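Grab a pencil and work through a few short exercises with the structure at hand. Try each task yourself before reading the solution beneath.

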Amino acid sequence: MGYEFIIAETRGRVGLITLNRPKQMNALCDALVRELSAALDDFEKSEAIGAIVITGSQKAFAAGADITAMRDFSYMDAYKNDYITRDWERIKTCRKPVIAAVAGYALGGGCELAMMCDFILAADNAQFGQPEIKLGTLPGAGGTQRLPRAIGKAKAMEMCLTARMMGAEEAERAGLVARIIPTDKLLEEALITAEKIAAFSLPAVMMIKESINRAFESGLNEGLLFERRVFHASFVLEDQKEGMAAFADKRKPVFKHQ
Ligand code: CAA
């Protein structure tokens, strides 16, 4: 598939999307996000894909929404076109796991895009920040909601109100990222992680992703009930029968993703 601002390719059962607008530090213009959404559609549809990695360059995952493109938006431009919700939130509705492999700057909408993914693997040079305050605006792609859920109110407030950037070590300590990886090994390690997930039973993976997301989107009792019902439903999977039989037989399971 030919894209202008991203590269979409497959590595085994992993769909790899590389943001590729290097001169603008992968600033997220409408066309780039539309392409990202289309690539996610394709990977979601493909039976051959079990997990997705989104990455940028070693210098920038993404330096935010494209400031040049949006500077003259009127309220009506933003409202009628449903700016951000359209295309950006395709990541949120993706049912297969999406890993953000972040090196360099993940600022503004770049940080928010990474947080829309299921988890973030950070290169040791990663810098996270919500500097919208410097532009006279605010995080508009979920940053005011997902950042406090990830790192707590105090750090989120401080970052959003002062535009301070957070390095990889602090981000790991604060719970924003799952793991730190040396920059030159980031992609390799992200692909290994994604391939590991993609080798498990896809429906079981999807059930886990959906259930963990309920922890962020509902209260405890509703989340627990959702998890319990999905757990009950998992007994319908051929892969559950295979996984448990393989354990009993002391052999490796062969999952059919059904
Ligand atoms: N939009 C448009 N262009 C951008 C951009 C952005 N978000 N970020 C960087 N660029 C462009 C620069 O304008 C520059 O272009 P030119 O070469 O044509 O001048 C090019 O990318 C390289 O950038 P710099 O020369 O600034 O590189 P640097 O290494 O000195 O600094 C940086 C890098 C710290 C990331 C700096 O570019 C920067 O602060 N960028 C803006 C970050 C930002 O404010 N992000 C939030 C955007 S608003 C938002 O995202 C809203 C939302 O929540 C949805």
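A residue counts as buried when its relative accessible area is under 20%. Keep in mind that this is a predicted model.

**Exercise 1. Find out how covered strand 3 is, and which way its residues point.**

Solution. Start with the span: strand 3 covers residues 51-55. Now check each residue for cover, and you get five buried out of five, so the strand is mostly covered by the under 20% cut-off. Next, sort the side chains by direction. Ala 51, Val 53 and Thr 55 point one way, while Ile 52 and Ile 54 point the other way. Both groups are buried.

**Exercise 2. Work out which strands pair with strand 3, and in what sense.**

Solution. Take strand 2, residues 14-19, to begin with: strand 2 pairs with strand 3 in the parallel sense, over five bridges. For a concrete spot, look at Ile 17, whose bridge partner in strand 3 is Ile 54. How does the chain get from strand 2 to strand 3? The chain passes through helix 1, residues 30-45, and this β-α-β crossover is right-handed. Then turn to strand 5, residues 98-102, which also runs parallel to strand 3, with four bridges between them. Here Thr 55 stands opposite Ala 101 of strand 5.

**Exercise 3. Describe the surroundings of Arg 13, and say whether Arg 13 is buried or exposed.**

Solution. Locate Arg 13 in the loop between strand 1 (6-11) and strand 2. Arg 13 turns out to be buried, yet it has no salt bridge. The nearest side chain of opposite charge belongs to Glu 195, 5.6 Å away. A salt bridge needs the nitrogen and oxygen within 4 Å, so that pair doesn't qualify. What does a polar atom of the Arg 13 side chain lie 2.9 Å from? That's the backbone oxygen of Ala 198. Finally, list the contacts, skipping neighbours within four places in sequence: among them are Glu 47, Gly 50, Ala 51, Leu 202 and His 257. Notice Ala 51 in that list; you met this residue in strand 3.

**Exercise 4. Pick out some salt bridges and say what they link.**

Solution. How many salt bridges does the structure hold? There are 16. Let's take a few in turn.

- Asp 41 and Arg 90 form one, with their closest N and O atoms 2.6 Å apart. Asp 41 sits in helix 1 and Arg 90 in helix 5 (residues 90-93), so the pair ties together parts 49 residues apart in sequence. Asp 41 is partly exposed at 31% relative accessible area, whereas Arg 90 is buried at 15%.
- Arg 179 and Glu 189 meet in another, at 3.3 Å from N to O. Because Arg 179 is in strand 10 (residues 179-181) and Glu 189 is in helix 10 (residues 186-199), this pair ties together parts 10 residues apart in sequence. Arg 179 is partly exposed, at 32%, and Glu 189 is partly exposed too, at 25%.
- Arg 251 and Glu 242 also meet in a salt bridge, 2.8 Å from N to O. Arg 251 is partly exposed with 38% relative accessibility, while Glu 242 is buried with 18%.

One last step: which residues are joined into one network by salt bridges that share partners? They are Lys 155, Glu 158, Arg 164 and Glu 170.

Terms used
Residues are numbered from 1 along each chain as its sequence is written. This is a predicted model: local features need pLDDT of at least 70, side-chain atom pairs count only at pLDDT 80 or more; totals for chains, interfaces and linings use all residues. Side-chain values use heavy atoms; hydrogens and water are left out. Buried means under 20% relative accessible area, exposed over 50%, partly exposed in between (1.4 Å probe, protein chains only). Helices (H or I, at least four residues) and strands (E, at least two) are DSSP runs, numbered from the N terminus. Two strands pair if DSSP finds at least two bridges between them. A crossover is right-handed if, with the strands pointing away from the viewer, the path from the first strand over the helix to the second runs clockwise. Lys and Arg count as positive and Asp and Glu as negative; His and the chain ends are not counted. A polar contact is a pair of N or O atoms within 3.5 Å; within protein, one must be able to donate a hydrogen and the other to accept it, and residues adjacent in sequence count only if both atoms are side-chain atoms. Contact means heavy atoms within 4.5 Å.
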